[in-house]
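Please work through the following exercises with the sequence and the coordinates at hand. Each task is followed by a solution in steps.

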Amino acid sequence: MTTMIIRFVWVFTIAAWLATPTLVASAEDPVRLGGIIAREADRRDLGYGDSKAVLLMVLEDRKGNTRTRRLRFRTLEGLQETEGDKSLIIFDEPRDIKG
């Protein structure tokens, strides 16, 4: 579950970066492009504040059987630039994975 969220965030972030003209213009130099992406990731990660969400996840297998998960997702932004953000995912349902 966490891996799926992280992949979604990375795909969305990379798509946004590729749409930025500066990044497209410097695509010829991969070292320079890597530096631009790293600096932009640091810049965009600051100032969004804390967040929380209540989610319902529906999992479906190849046969069409579904399972549902209810969870809470919380993110706390680090107070200083050197401090990283903290994330917490709490599964509330079903009981066998609660907590």
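The exercises below proceed from the whole chain to single residues.

**Conventions**

This is a predicted model, in which local features need pLDDT of at least 70 and side-chain atom pairs count only at pLDDT 80 or more, while totals for chains, interfaces and linings use all residues. Residues are numbered from 1 along each chain as its sequence is written, and side-chain values use heavy atoms, with hydrogens and water left out.

**Exercise 1. State the confidence of the model and locate its extremes in the chain.**

Step 1. The pLDDT (the predictor's confidence in each residue, from 0 to 100) averages 76 over the chain, and 64% of the residues score at least 70.

Step 2. Confidence is lowest in helix α2 (residues 21–25), with a mean of 52. It is highest in strand β1 (residues 51–60), with a mean of 91.

**Exercise 2. Describe the secondary structure and the surface of the chain.**

Step 1. Helices (H or I, at least four residues) and strands (E, at least two) are DSSP runs, numbered from the N terminus. The chain contains 3 helices and 3 strands, and from the N terminus on the elements run α-α-α-β-β-β.

Step 2. Of the 99 residues in the chain, 17% are buried; buried means under 20% relative accessible area, exposed over 50%, and partly exposed in between (1.4 Å probe, protein chains only).

Step 3. The exposed area of the chain is about 8100 Å², of which carbon and sulfur atoms supply 58%. Accessible areas come from the Shrake-Rupley method with a 1.4 Å probe; for residues, only the protein chains shown count as cover.

**Exercise 3. Determine the strand order of the sheet and explain why β1 and β3 stand at the edges.**

Step 1. Two strands pair if DSSP finds at least two bridges between them. The 3 strands form an open sheet in the order β1-β2-β3, with antiparallel pairing.

Step 2. β1 and β3 (86–93) each have a single partner strand, so one side of each is left without a neighbour in the sheet. From one strand to the next, the twist averages 25°.

Step 3. β1 and β2 are joined by 10 bridges, and V58 stands opposite T68 in β2. Strand β2 (residues 66–76) pairs with β3 over 7 bridges. In β3, F91 is opposite L71, and K86 is opposite L76.

**Exercise 4. Identify the salt bridges that the structure holds.**

Step 1. A salt bridge is a side-chain nitrogen of Lys or Arg within 4 Å of a carboxyl oxygen of Asp or Glu. The structure holds 2 salt bridges.

Step 2. E93 and R70 form a salt bridge in which the closest N and O atoms are 3.4 Å apart. This pair links distant parts of the chain, with E93 in strand β3 and R70 in strand β2, 23 residues apart. E93 is partly exposed at 40% relative accessibility, and R70 is partly exposed at 42%.

Step 3. R72 and D92 meet in a salt bridge with an N to O distance of 2.9 Å. R72 lies in strand β2 and D92 in strand β3, so this pair ties together parts 20 residues apart in sequence. R72 counts as partly exposed at 27% relative accessibility, as does D92 at 24%.

**Exercise 5. Establish the surroundings of R69 and R72 in strand β2.**

Step 1. R69 is buried, with a relative accessible area of 15%. Contact means heavy atoms within 4.5 Å. Leaving aside neighbours within four places in sequence, R69 is in contact with L55, L56, M57, L59, F91, E93, P94 and I97.

Step 2. R72 touches A53, V54, L88, I89, I90 and D92, residues up to four places away in sequence not being counted. The C-alpha atoms of R72 and A53 are separated by 5.8 Å, although these residues are 19 apart along the chain.

**Exercise 6. Locate the positive phi in the hairpin of β1 and β2, and the cis peptide bond next to P94.**

Step 1. Most residues other than glycine have a negative phi, and most peptide bonds are trans.

Step 2. The hairpin of β1 and β2 has 5 residues between the strands, and there G64 takes a positive phi near 90°.

Step 3. The cis peptide bond joins E93 and P94, with omega at about 0°. P94 belongs to the segment after β3.

Notes:
Axes fitted to C-alpha atoms, helices over the stretch in contact; angles between N-to-C directions.
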